[in-house]
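Trainee: I have a model open and want to learn how to read it. Where do we begin?

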Amino acid sequence: MVVRGSEYAKEVRCVKISPSIMTCDFSRLDRAVAAADGWNVDRLHLDVMDGVFVPNLSFGPPVIASLRPLTALPFDVHLMVQEPSKLLEAYVKAGADMITIHAECSSPLEETLRRIREAGCKVGLSLNPDTPVEVLWPYLPLLDMVLVMTVQPGFGGQSFRPECLPKITAIRAECDRRGLDIDIQVDGGVKDTNVREVAAAGATSVVMGSALYNAADPTALITLTHSL
């Protein structure tokens, strides 16, 4: 049994890991996927950027579809896009197992979240660092996962913002209060020096990009995270 302090003194699952390929060499994403496939990780995190919701562009359904045959890992597709409701079918068809949209997007949230579920995918909702957690409360019963951004979305390699830790704790407390089994994922600057804090705050899943792919010993980092 793993215990996370007095307020979480109960049996919990190990912290899950989703490697992000956003900072990898886009000309050799097959190698990035193969590396993740060889690690003991739980999902593959795929960051989709539209150049509108966030300044940068990344990749879309054709790239995801090309990666799908390379691994059996679930595809955790994070849509950092302004109007995800217009794109859902394409990402489902490309091979998404979970689709996460942003609370700050312009699509109607409840309708879009329900459509993700109806398409057969797990449902996630993400919050930017400066968005109040209370924005989530009406949508919690519709979710499998909340994604807490601990950096400003759209750029890899940023430093973790510790002021976001109370937000993780507040979401965990609200889920526990309602008896909801919702995965709380944290994305942004998570690495060996702060992953214990992230888990102690109430996270059940972390996204790791450069910290994992650039690690001298990725297996050690994965073992540490899974032990929390």
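Mentor: With one residue and its contacts. This is a predicted model. Leaving out residues up to four places away in sequence, Asn128 touches Phe53, His102, Glu104, Met149, Gln152, Pro153 and Lys167.

Trainee: Where is Asn128 found?

Mentor: Asn128 sits in the loop between β5 and β6 (145-149).

Trainee: Is Asn128 buried or exposed?

Mentor: Compare its relative accessibility with the cut-off: buried means under 20%. Asn128 has 11%, so it counts as buried.

Trainee: One of its contacts is His102. Which way does His102 point from β4?

Mentor: Read a strand by its two sides. Met98, Thr100 and His102 point one way from β4, while Ile99 and Ile101 point the other way. Every one of these residues is buried.

Trainee: Why is β4 described as largely enclosed?

Mentor: Count the buried residues. In β4 (residues 98-102) five of the five are buried, so the rest of the structure largely encloses this strand.

Trainee: Which strands pair with β4?

Mentor: Look for bridges, then for direction. β3 (residues 75-80) is joined to β4 by three bridges, and the two run parallel. Val77 has Ile99 as its bridge partner in β4. Between these strands the chain passes through helix α3 (residues 88-94), in a right-handed β-α-β crossover.

Trainee: And how many bridges link β4 with β5?

Mentor: Five, again with a parallel pairing, and β5 spans residues 122-127. Ile99 stands opposite Val123 there. The chain goes from β4 through helix α4 (residues 109-118) to β5, and this β-α-β crossover is right-handed too.

Trainee: Let us try another strand. How many residues of β7 are buried?

Mentor: Five of its five, so to speak a covered strand, spanning residues 183-187. Both faces are covered. Asp183, Gln185 and Asp187 lie on one side, with Ile184 and Val186 on the other.

Trainee: Which partners does β7 have?

Mentor: β6 pairs with β7 in the parallel sense, over five bridges. Leu147 stands opposite Gln185. Three bridges join β7 to β8, also parallel. Asp187 has Val207 as its bridge partner in β8. The chain crosses from β7 through α6 to β8, and this β-α-β crossover is right-handed.

Trainee: Now a helix. Which residues of α1 are buried?

Mentor: List them, then look down the axis. In α1 (residues 29-38) they are Leu29, Ala32, Val33 and Ala36. These buried residues fall within an arc of 95 degrees, so they line one face of the helix. The face turned away from that buried side carries Arg31 and Gly38, which are exposed.

Trainee: What covers the buried residues of α1?

Mentor: The cover includes β1 (16-19), β2 (44-49), α2 (61-67) and α7 (210-213).

Trainee: What about α8: which residues are buried there?

Mentor: In α8 (residues 218-226) they are Pro218, Leu221, Ile222, Leu224, Thr225 and His226. Their cover includes β1, α6 (195-201), β8 (205-208) and α7.

Trainee: Let us zoom out. How many helices and strands are in the chain?

Mentor: Eight helices and eight strands. The radius of gyration is 16 Å, close to the 17 Å that the globule rule gives for 228 residues, so the chain is as compact as a globular protein of that length. Of the 228 residues, 54% count as buried.

Trainee: What share of the contacts is long in sequence separation?

Mentor: Take contacts with a separation of 6 or more. Residues 24 or more positions apart account for 64% of them.

Methods: Residues are numbered from 1 along each chain as its sequence is written. This is a predicted model: local features need pLDDT of at least 70, side-chain atom pairs count only at pLDDT 80 or more; totals for chains, interfaces and linings use all residues. Side-chain values use heavy atoms; hydrogens and water are left out. Buried means under 20% relative accessible area, exposed over 50%, partly exposed in between (1.4 Å probe, protein chains only). Helices (H or I, at least four residues) and strands (E, at least two) are DSSP runs, numbered from the N terminus. The arc is that of the directions from the helix axis to the C-beta atoms. Contact means heavy atoms within 4.5 Å. Two strands pair if DSSP finds at least two bridges between them. A crossover is right-handed if, with the strands pointing away from the viewer, the path from the first strand over the helix to the second runs clockwise. The radius of gyration is taken over C-alpha atoms; the globule rule is 2.2 Å times the number of residues to the power 0.38.
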